[in-house]
Structure formats: C-alpha cells, structure tokens
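Dear colleague,

Here is the structure I said I would pass on to you. My notes on what was found in it follow below the entry, and I would be glad if you read them with the structure open beside you.

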Amino acid sequence: MRISARADYAVRATVAIAQAEDALISADAVAESQSIPRSFLEGILTSLRRAEIVTSRRGAAGGYRL
C-alpha cells in the first residue's frame, strides 16, 4: 500500500499536536519536530482545521490543538 506524502505528513502533524496535550503548538514547532516543509504544512493544517480535527488560534500566543 502506498501512502502519499501529504497523508504521511498529516498523520505526523496530528500526532505532534496530540503530544502537546491541551497546549497550543505553533506550526513552526510542528514543522521542525516532524521535518515537514513549512509551506506544505500550512495547507495540511488548513485541511485538518476545515475537517474539524484541529482548532487554531491566531496571534503571537496562537497555535493548533486537537
């Protein structure tokens, strides 16, 4: 079975966000910890937010959480 890079990155990003528990985690932190290109991750996080898998908060203290 072949898994696309986008699906692989989406699962890895979701796991990284889950490991942060209830704390917000920035996209930069997810990208760095999972070695995911930042520009590619932005699209993935948008898809996860629209699917209501993650929530986001904007601003300096913002980030993502499940």
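Leu 45 touches Ile 17, Ala 27, Val 54 and Tyr 64, if residues up to four places away in sequence are not counted. Please keep in mind, here and in everything that follows, that this is a predicted model. Leu 45 also belongs to the largest nonpolar core, which has 16 residues, and within this core Ile 17, Val 30, Leu 41, Leu 45 and Tyr 64 are the members that touch the most others. The elements that contribute two or more residues to the core are helix H1, which covers 5-19, together with H2 and H3, and H1 gives the most, with five residues. As general background, nonpolar side chains in soluble globular proteins tend to be buried together.

Val 30 comes up a second time, in connection with helix H2, since its backbone oxygen lies 3.2 Å from a polar atom of the side chain of Ser 33. Ser 33 is itself found in helix H2, and it counts as partly exposed because its relative accessibility is 48%. If you follow the backbone from there, you will find that the C-alpha atoms of Ser 33 and Ala 13 are separated by 9.1 Å, although these two residues are 20 residues apart along the chain.

Gln 34 also has its place in helix H2, and you might ask whether Gln 34 is buried or exposed. With a relative accessible area of 19%, Gln 34 is buried, because the cut-off for that class is under 20%. Leaving aside neighbours within four places in sequence, Gln 34 is in contact with Arg 12 and Ala 16.

Two backbone positions may also deserve a look while you have the model open. Ser 35 has a positive phi of about 55° although it is not a glycine, and it sits in the loop between helix H2 (27-34) and helix H3 (38-50). The relative accessible area of Ser 35 is 58%, so this residue is classed as exposed. Glu 52, which is likewise a residue other than glycine, has a positive phi, with a value near 60°, and its place is in the loop between H3 and strand S1 (55-57). Glu 52 counts as exposed because its relative accessibility is 71%.

With best wishes

Note on methods: Residues are numbered from 1 along each chain as its sequence is written. This is a predicted model: local features need pLDDT of at least 70, side-chain atom pairs count only at pLDDT 80 or more; totals for chains, interfaces and linings use all residues. Side-chain values use heavy atoms; hydrogens and water are left out. Helices (H or I, at least four residues) and strands (E, at least two) are DSSP runs, numbered from the N terminus. Buried means under 20% relative accessible area, exposed over 50%, partly exposed in between (1.4 Å probe, protein chains only). Contact means heavy atoms within 4.5 Å. A nonpolar core is a set of buried Ala, Val, Leu, Ile, Met, Phe, Trp, Tyr and Cys residues joined through side-chain atoms within 4.5 Å. A polar contact is a pair of N or O atoms within 3.5 Å; within protein, one must be able to donate a hydrogen and the other to accept it, and residues adjacent in sequence count only if both atoms are side-chain atoms.
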